[in-house]
Amino acid sequence: MLLVNLRHLEAHEIHLEGELAAAKLDFGLRDETLRAERPLRYDLTVEKMDDALLVTGSLRMILDCQCVRCLKSFEQRLVLEDWKCHVPLAGEEKVSVNNDCVDLTPFVREDMLLEFPSHPLCKPDCVGLKKGQAPKTDGKGVVTSAAWTELDKLKL
Ligand SMILES: [Zn+2]
């Protein structure tokens, strides 16, 4: 877990740097075209505000993807260079504090997920497989990706 000890923040900001195992992030992906199995690297500064924590820094991770058009495997590098996160310590949205510690993992998970490609492509203009080899599509030329279809349903 990515824990911040609030006591350590009383006097000055703290710097967190290291790796977070993908298993700890538990993205809940059930999609063959996208796997997040490598550790996430973080380099963060945490400051205590009046009733919140301000977290700034970078998050990096490499995804193992499969192109939805040509089915080629490729790596996709995700980098959030100027990540900012506001972690409320008061009010309705406040985070839970255990033994003076706040877990930043859910915030990292949420913002990384937003960066995941919904339809991974090995290159933006990938032409896909030759005729006769085309994978199943949803009629619009986009290969249906199970996990994202499920997500889309949730939004409705
Ligand atoms: Zn491709």
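Guide: A salt bridge is a side-chain nitrogen of Lys or Arg lying within 4 Å of a carboxyl oxygen of Asp or Glu, and by this rule the count for the structure above comes to six salt bridges. The model is a predicted one, in which local features need pLDDT of at least 70 and side-chain atom pairs count only at pLDDT 80 or more, while totals for chains, interfaces and linings use all residues. Residues are numbered from 1 along each chain as its sequence is written, and side-chain values use heavy atoms, with hydrogens and water left out.

Visitor: What makes R35 and E37 a salt bridge?

Guide: The side chains of R35 and E37 meet at 3.2 Å, N to O, and this value lies within the cut-off, so the pair qualifies.

Visitor: Why is R35 called partly exposed, and why does E37 count as exposed?

Guide: Buried means under 20% relative accessible area, exposed means over 50%, and partly exposed is what lies in between, with a 1.4 Å probe and protein chains only. R35 has 39% relative accessibility and therefore counts as partly exposed, whereas E37, at 53%, is over the upper limit and so counts as exposed.

Visitor: How do you know that R38 and E75 meet in a salt bridge, and which parts of the chain does the pair link?

Guide: The N to O distance between the side chains of R38 and E75 is 3.0 Å, which meets the rule. The pair links distant parts of the chain, with R38 in the loop between β3 and β4 and E75 in strand β6, 37 residues apart. R38 has a relative accessible area of 27%, so R38 is partly exposed.

Visitor: What makes E81 and R60 a salt bridge, and where do the two residues lie?

Guide: Their side chains meet at 3.1 Å, N to O, again within the limit. This pair too links distant parts of the chain, E81 being in strand β6 and R60 in strand β5, 21 residues apart. E81, with a relative accessible area of 44%, and R60, with 37%, are therefore both partly exposed. Elsewhere, salt bridges that share partners join R38, D64 and E75 into one network.

Visitor: Why is strand β5 described as largely enclosed by the rest of the structure?

Guide: Strands here are DSSP runs of E with at least two residues, helices being runs of H or I with at least four, all numbered from the N terminus. Strand β5 covers residues 52-66, and 11 of its 15 residues are buried, so the strand is largely enclosed.

Visitor: How do you know that β5 pairs with β3, β4 and β6?

Guide: Two strands pair if DSSP finds at least two bridges between them. Strand β3 (residues 34-35) is joined to β5 by two bridges, antiparallel, and L34 stands opposite C65. Strand β4 (residues 40-48) pairs with β5 in the antiparallel sense over eight bridges, while β5 and strand β6 (residues 73-88) do so over 14. R60 of β5 is the bridge partner of R41 and also stands opposite V79 in β6. A hairpin through three residues joins β4 to β5, and another, with six residues in between, is formed by β5 and β6, where L71 in the turn has a positive phi of about 70°.

Visitor: How many disulfides are there, and why is C101 called buried but C122 partly exposed?

Guide: A disulfide requires a pair of cysteine sulfur atoms within 2.5 Å, and the count by this rule is zero. C101 has a relative accessible area of 17% and is therefore buried, whereas C122, at 22%, is partly exposed.
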